[in-house]
Amino acid sequence: MELSRQRMREHTLEQFKHVRTCILARELCLLVRTNRVAFNAEDAREHCAFIAKLCSEAGCKEQSDLCSKAAEAVLTSEEKYLELCEQSCMKCGES
């Protein structure tokens with residue numbers, strides 16, 4: 001009985017971590033991308049940096065790095081920002 005409870009606990013904690021990091025990051029990323037005209041570049045940079053932190057916390061290093069690069073690129077080139085953001089989202093969907 002105790003062994004199954006321990007497994008259930010581990011599974012639930014893993015689900016909580018996934019929701020707290022991955023799902024939140026995806027939802028925030030979608031919100032930023034679909035409403036990018038409403039944000040100024042500094043808003044997008046701040047939010048993308050936060051999303052990158054969530055990805056890093058989840059152990060998704062490549063996605064986090066791409067999102068961090070997008071956060072910096074948004075200040076200089078919208079085209080580069082969108083390209084990096086798209087790559088990050090695609091990698092996120094693959095994991």
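## A walk through the helices

Let's start at serine 88, which sits in helix H4. Keep in mind as you look around that this is a predicted model. Serine 88 has a relative accessible area of 7%, so it counts as buried, the cut-off being under 20%. What does it touch once residues up to four places away in sequence are set aside? The list is Gln63, Leu66 and Cys67.

Follow the first of those names. Glutamine 63 belongs to helix H3, which covers residues 61-73. It is buried too, because its relative accessibility is just 8%. Its side chain has a polar partner: it reaches the backbone oxygen of lysine 91 at 3.0 Å.

Glutamine 63 also brings us to a hollow spot. The structure holds 1 cavity of 30 Å³ or more, with about 50 Å³ of space in it. Around that space you'll find Thr21, Cys22, Ala25, Leu54, Cys55, Ala58, Cys60, Gln63 and Cys92. Two elements give two or more residues to this lining, namely helix H1 (2-34) and helix H2 (41-57). H1 has the largest share, with 3 residues. What kinds of residues make up the lining, by class? There are 7 nonpolar and 2 polar ones, and no charged residues.

Now for the packing between the helices. In soluble globular proteins, nonpolar side chains tend to be buried together. Here, the largest nonpolar core has 19 residues. Within this core, the residues with the most contacts are Cys48, Ile51 and Tyr81. Each of H1, H2, H3 and helix H4 (78-94) supplies at least two of the core's residues. Which helix gives the largest share of this core? That would be H2, with 6 residues.

Tyrosine 81 is a good place to pause. Leaving aside its neighbours within four places in sequence, it is in contact with Val32, Arg36, Ala44, Cys48, Ala70, Ala73 and Val74. One of these, Cys48, is named along with Tyr81 among the core residues with the most contacts.

Go on along helix H4 and you come to leucine 84. It is buried, because its relative accessible area is 8%. Its contacts, again without the neighbours within four places in sequence, are Leu66, Lys69, Ala70 and Ala73. Two of those names, Ala70 and Ala73, also turn up among the contacts of tyrosine 81. Leu66, for its part, is touched by serine 88 as well. To get a feel for the distances, try measuring from leucine 84 to alanine 58, one of the cavity-lining residues: they are 19 Å apart in space, C-alpha to C-alpha, and 26 residues apart in sequence.

Not everything is tucked away, though. Is glutamate 94, also in helix H4, buried or exposed? With a relative accessible area of 59%, glutamate 94 is exposed, so here is a contrast with serine 88, which is buried at 7%. From glutamate 94 to leucine 66 you cross 28 residues in sequence and 14 Å in space, C-alpha to C-alpha.

Finally, head over to the loop between H1 and H2, where asparagine 35 lies. This residue counts as partly exposed, because its relative accessibility is 32%. Its side chain has a partner in threonine 34, whose side chain it joins in a polar contact of 3.2 Å.

Key: Residues numbered from 1 in each chain as written. Predicted model: local features only at pLDDT ≥ 70, side-chain atom pairs only at ≥ 80, totals over all residues. Heavy atoms only, no water. 1 Å grid on protein atoms, 1.4 Å probe; cavity = no way out; pocket = protein on both sides within 12 Å on 5 of 7 lines; lining within 4 Å. Points joined across faces, edges and corners; volume = space filled by probe spheres on them. Helix = DSSP H or I, 4+ residues; strand = E, 2+ residues; numbered from the N terminus. Nonpolar A, V, L, I, M, F, W, Y, C, P; charged D, E, K, R; others polar. Buried < 20%, exposed > 50% of the residue type's maximum accessible area, 1.4 Å probe, protein only. Polar contact = N/O pair within 3.5 Å; in protein donor to acceptor, adjacent residues only side chain to side chain. Core = buried A, V, L, I, M, F, W, Y, C linked by side-chain atoms within 4.5 Å. Contact = heavy atoms within 4.5 Å.
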